[in-house]
Amino acid sequence: MFARITHYKMKPESRDAATELLNSLRDQIMGMPGMHHFVNVMNKDGSGYVISVVESEEASNANAGKVAELWGNFSAYLEGPPKAEGYDVIANWSK
């Protein structure tokens, strides 16, 4: 498995609108090929991370166009472009 971890920063006062938009995109996000898990965390100051776990690095790379399109929906809310990094998953536990 492979994880893409993306740091972002929302503009002040945009958290509620961005969260509503995120929820409306759930089916598109979870419908990307190879998607296993999606977690989005955000502090009150608008800084946050998206952690997506997919089947492989190849699946993550193949989804890059769709991911860019989805982030484009948030352009009015973001302070700047999100910054993504990829990692091999060495543990994936849940209770």
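Colleague: Let me start with two rings: are Tyr8 and Trp71 buried or exposed?
Modeller: Both Tyr8 and Trp71 are buried. Please keep in mind that this is a predicted model. The word "buried" stands for a relative accessible area under 20%.

Colleague: What makes Tyr8 and Trp71 an aromatic pair that is tilted?
Modeller: Their ring centres lie 5.6 Å apart, with 55° between the planes. Rings pair if their centres lie within 6.5 Å, and "tilted" is left for planes that are neither under 30 degrees nor over 60 degrees apart. Set against those cut-offs, 5.6 Å makes a pair and 55° makes a tilted one. The pair also links distant parts of the chain, since Tyr8 sits in strand 1 and Trp71 in helix 4 (residues 64-72), 63 residues apart.

Colleague: How many aromatic pairs does the whole structure hold, then?
Modeller: The search finds 2. There is also one aromatic cluster, made of Tyr8, Trp71 and Phe74.

Colleague: On to the sheet. How do you know that strand 1 and strand 3 pair?
Modeller: Two strands pair if there are at least two bridges between them. Strand 1 and strand 3 share 8 bridges in the antiparallel sense, so they pass that test. Strand 1 is joined to strand 4 as well, by 6 antiparallel bridges, while 7 antiparallel bridges join strand 2 to strand 3.

Colleague: What is the order of the strands in the open sheet?
Modeller: The 4 strands follow the order 2-3-1-4, with antiparallel pairing.

Colleague: Why are strand 2 and strand 4 said to stand at the edges?
Modeller: Strand 2 (35-42) and strand 4 (83-88) each have a single partner strand, so one side of each has no neighbour in the sheet. On average, neighbouring strands here are turned by 15° against each other, direction ignored.

Colleague: Which residues are good examples of bridge partners?
Modeller: Arg4 is a nice one, as a residue of strand 1. In strand 4 the bridge partner of Arg4 is Gly86, and in strand 3 Arg4 stands opposite Ser52. Further examples are His7 with Lys83 in strand 4 and His37 with Val53 in strand 3.

Colleague: Why is Arg4 called partly exposed?
Modeller: Its relative accessibility is 22%. Buried would need a value under 20%, and exposed one over 50%, so Arg4 falls in between.

Colleague: And what makes Ser52 buried?
Modeller: Ser52 has 12% relative accessibility, which is under the 20% cut-off, so it counts as buried. Leaving out residues up to four places away in sequence, Ser52 touches Phe2, Ala3, Arg4, Met35, His37 and Phe38.

Colleague: How do you know that Ser60 is buried too?
Modeller: The same cut-off of under 20% applies, and Ser60 stands at 9%. Ser60 belongs to helix 3 (residues 57-62). Beyond its neighbours within four places in sequence, Ser60 is in contact with Phe2, Arg4 and Val54. From the side of Arg4, the touched residues include Ser60, Asn61, Ala84 and Glu85.

Colleague: How far apart are Arg4 and Asn61?
Modeller: They are 57 residues apart in sequence and 9.7 Å apart in space, C-alpha to C-alpha.

Colleague: What is special about the phi of Glu13?
Modeller: Glu13 has a positive phi of about 70° although it is not a glycine. Most residues other than glycine have a negative phi, so a positive value there goes against the usual pattern. Glu13 lies in the loop between strand 1 (2-9) and helix 1 (15-24). With a relative accessible area of 82%, which is over 50%, Glu13 is exposed.

Colleague: Which residue takes a positive phi in the hairpin of strand 2 and strand 3?
Modeller: Gly46 does, near 90°, in a hairpin with 4 residues between the strands.

Colleague: Last one: how much space lies in the largest pocket, and which residues are closest to its centre?
Modeller: The largest pocket holds about 550 Å³ of space. Of its 29 lining residues, the closest to the centre are Thr6, Phe38, Val50, Val67 and Trp71. Strand 1, helix 1, strand 2, strand 3 (47-54) and helix 4 each give two or more residues to the lining. Trp71, where we began, is buried and is one of the residues closest to the pocket centre.

Definitions and conventions:
Residues are numbered from 1 along each chain as its sequence is written. This is a predicted model: local features need pLDDT of at least 70, side-chain atom pairs count only at pLDDT 80 or more; totals for chains, interfaces and linings use all residues. Side-chain values use heavy atoms; hydrogens and water are left out. Buried means under 20% relative accessible area, exposed over 50%, partly exposed in between (1.4 Å probe, protein chains only). Axes are lines fitted to C-alpha atoms, for helices over the stretch in contact, and angles run from 0 to 180 degrees between N-to-C directions. Rings of Phe, Tyr and Trp (its six-membered ring) pair if their centres lie within 6.5 Å; planes under 30 degrees apart count as stacked, over 60 as edge-to-face and the rest as tilted. Contact means heavy atoms within 4.5 Å. On a 1 Å grid over the protein atoms alone, a cavity is a set of points where a 1.4 Å probe fits but cannot get out, and a pocket is an open set with protein on both sides within 12 Å along at least five of seven lines; lining residues have an atom within 4 Å of a point. Grid points are joined across faces, edges and corners, and a volume is the space filled by probe spheres set on the points.
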